[in-house]
Amino acid sequence: VNTESPLLSVPELDADPFAVENILAPHALQTELREAGPLVFLKRYGAYAVARDAEVRTVLQNWQSFTTVYGAGLADVRDPANWRELSPIAEIDPPNHTQIRAVMQRIISPARIRSWRQDFEEQARRLAAALAQKTDVNGVKEIVEPYVLTVFPAALGIEIGKENLIAVGNHNFNSIGPRNELFLKSQAVMDSIAEWYQAAVRGQTLIPGGFGQDIFAAEAAGHLPPGEASRLLMTLLRGGVDTTISGLGTALRLLAQHPEVWRELRNDRSRVKMVLDEAVRLESPLQTYYRTTRPGAEIAGVALKPDTKIQVLIGAANRDPRRWSNPDRFDIARPGPGHVAFGFGNHSCLGQMVARLEAECLLNALLDSIRTLELRGQPIYRPINTLRTLDSLPLRLMAN
Ligand code: HEM
């Protein structure tokens, strides 16, 4: 281990992953960072970065050296200027995390998730029937957003006004990055809807039998710290809506660009389940987030400075040629998921089976009633610091 001069062998780069051009077209810079070395230092942000699959896994697995308690964003929350409320599950380490995660896993159990299938299918069928009457649609605004915003809050068992939920999510994912113009703009939007948000959060009505209620019951039974249930519910809403919309939007984009795959799936549904995983591998919804180094942290034989942020480039790792053959190819025949788009280690996504179920139900309903799906214009991604999500997906549909 090189402890004498920790930065000696670490390439120091001027690159800016949060420049708008790199957010909208991230792959060139991701390749540059991945090929510069197993560990790089981004001077602009005073942070390390890892962009290869192996090192991303090392960081995410090793919470003792790479903690999340100082915030999963670029800002170190110990600085009073950066204070914000932390996520009650994603921004804590073991042993606290282990306990809360176990309670949540019992609530969002595989059996519970399976019980939503009928409702998810029913909503998807309704949407597909309405779409079969149309030809030209925006796949984001008319397919993916309405679907996720209907089925997911219903599964959580909460009634919440949906109109501004997307703006809340966009701001959440901007705030993981630097305080740049994108952040400030979405902060201004948040300020303008603050009253709605407070009222929506206060006024959430829990539907009896939904799993929102189970979270409150776990708190009442003393399995969760007092006051945590409502914060956990909001975390699920913040982390589960925009990410799923992003993954499904990219999935539709890829299917529209690959008519041969659409035809294959119309005849044989066995690989429908792989579509979402391949979409989130290629365009990972949560592109990047951070950990903070503890004393003793090391990567690739290099001792890292403690109390330093390390950027984990999920999106870059998912196209690492050291891990994937033909990494840029959309290929639903890959053997199993194996990507890190849902994270890795103790914090890996709690809701991934929910997202997969939404994808399976929506895609099957569309495959049932739509014969062809084509792009009729350029898909446009939305500039958000850490979320890769489509703003516009102009599609032409031909019903059966
Ligand atoms: C395609 C959709 C989704 C993607 C790509 C995604 C991605 C991720 C990633 C990368 C993490 C790890 C964060 C970290 O290590 O700091 C994570 C954690 C988490 N996700 Fe998701 N997610 C998705 C959908 C969902 C859904 C639908 C829910 C809710 C049901 C959800 C709830 C959570 C929670 C609660 C955590 C924190 C887990 C923990 O800290 O133990 N996610 N997700």
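Me: R78 first, then: is that residue buried, exposed or partly exposed?
Reply: In this predicted model, R78 counts as partly exposed, because its relative accessibility is 40%.

Me: And which residue does R78 form a salt bridge with?
Reply: The partner of R78 is D307, and the closest N and O atoms of the two are 3.0 Å apart. D307 lies in the loop between strand 10 (302-303) and strand 11 (309-313), while R78 lies in the loop between strand 4 (66-67) and helix 4 (96-107), so the salt bridge ties together parts that are 229 residues apart in sequence.

Me: Is D307 buried or partly exposed?
Reply: D307 is partly exposed, with a relative accessible area of 47%.

Me: OK, what about D277, which residue does that one pair with?
Reply: D277 forms a salt bridge with R356, and here the closest N and O atoms are 2.8 Å apart. This pair also links distant parts of the chain, since D277 sits in helix 15 (residues 272-282) and R356 sits in helix 17 (residues 352-369), 79 residues apart.

Me: Are those two buried or exposed?
Reply: D277 is buried, and R356 is buried as well.

Me: What about D391 and R382, how far apart are N and O there?
Reply: The side chains of D391 and R382 meet in a salt bridge with an N to O distance of 2.6 Å. D391 is partly exposed at a relative accessible area of 32%, whereas R382 counts as buried, because its relative accessibility is 12% and the cut-off for buried is under 20%.

Me: How many salt bridges does the structure hold?
Reply: The structure holds 31 salt bridges, and some residues are linked in a network of them, namely R253, E283, R319, D328 and R388.

Me: Changing topic, how many positive and negative side chains are there?
Reply: The chain has 44 positive and 45 negative side chains, and the centres of these two sets lie 4 Å apart.

Me: And the whole fold, how many helices and strands?
Reply: The chain has 17 helices and 15 strands, and its C-alpha trace spans about 70 × 50 × 40 Å along the principal axes. A compact globule of 400 residues would have a radius of gyration near 21 Å, and the chain, at 21 Å, agrees with that.

Me: What share of the residues is buried?
Reply: Of the 400 residues in the chain, 56% count as buried. The accessible surface comes to about 16,900 Å², and 53% of that belongs to carbon and sulfur atoms.

Key: Residues numbered from 1 in each chain as written. Predicted model: local features only at pLDDT ≥ 70, side-chain atom pairs only at ≥ 80, totals over all residues. Heavy atoms only, no water. Salt bridge = Lys/Arg side-chain N within 4 Å of Asp/Glu carboxyl O. Helix = DSSP H or I, 4+ residues; strand = E, 2+ residues; numbered from the N terminus. Buried < 20%, exposed > 50% of the residue type's maximum accessible area, 1.4 Å probe, protein only. Rg over C-alpha atoms; globule rule 2.2 N^0.38 Å. Areas by Shrake-Rupley, 256 points an atom, 1.4 Å probe, with all protein chains shown as cover. Lys, Arg positive; Asp, Glu negative; His and termini not counted. Charge placed at Lys NZ, Arg CZ, Asp CG, Glu CD.
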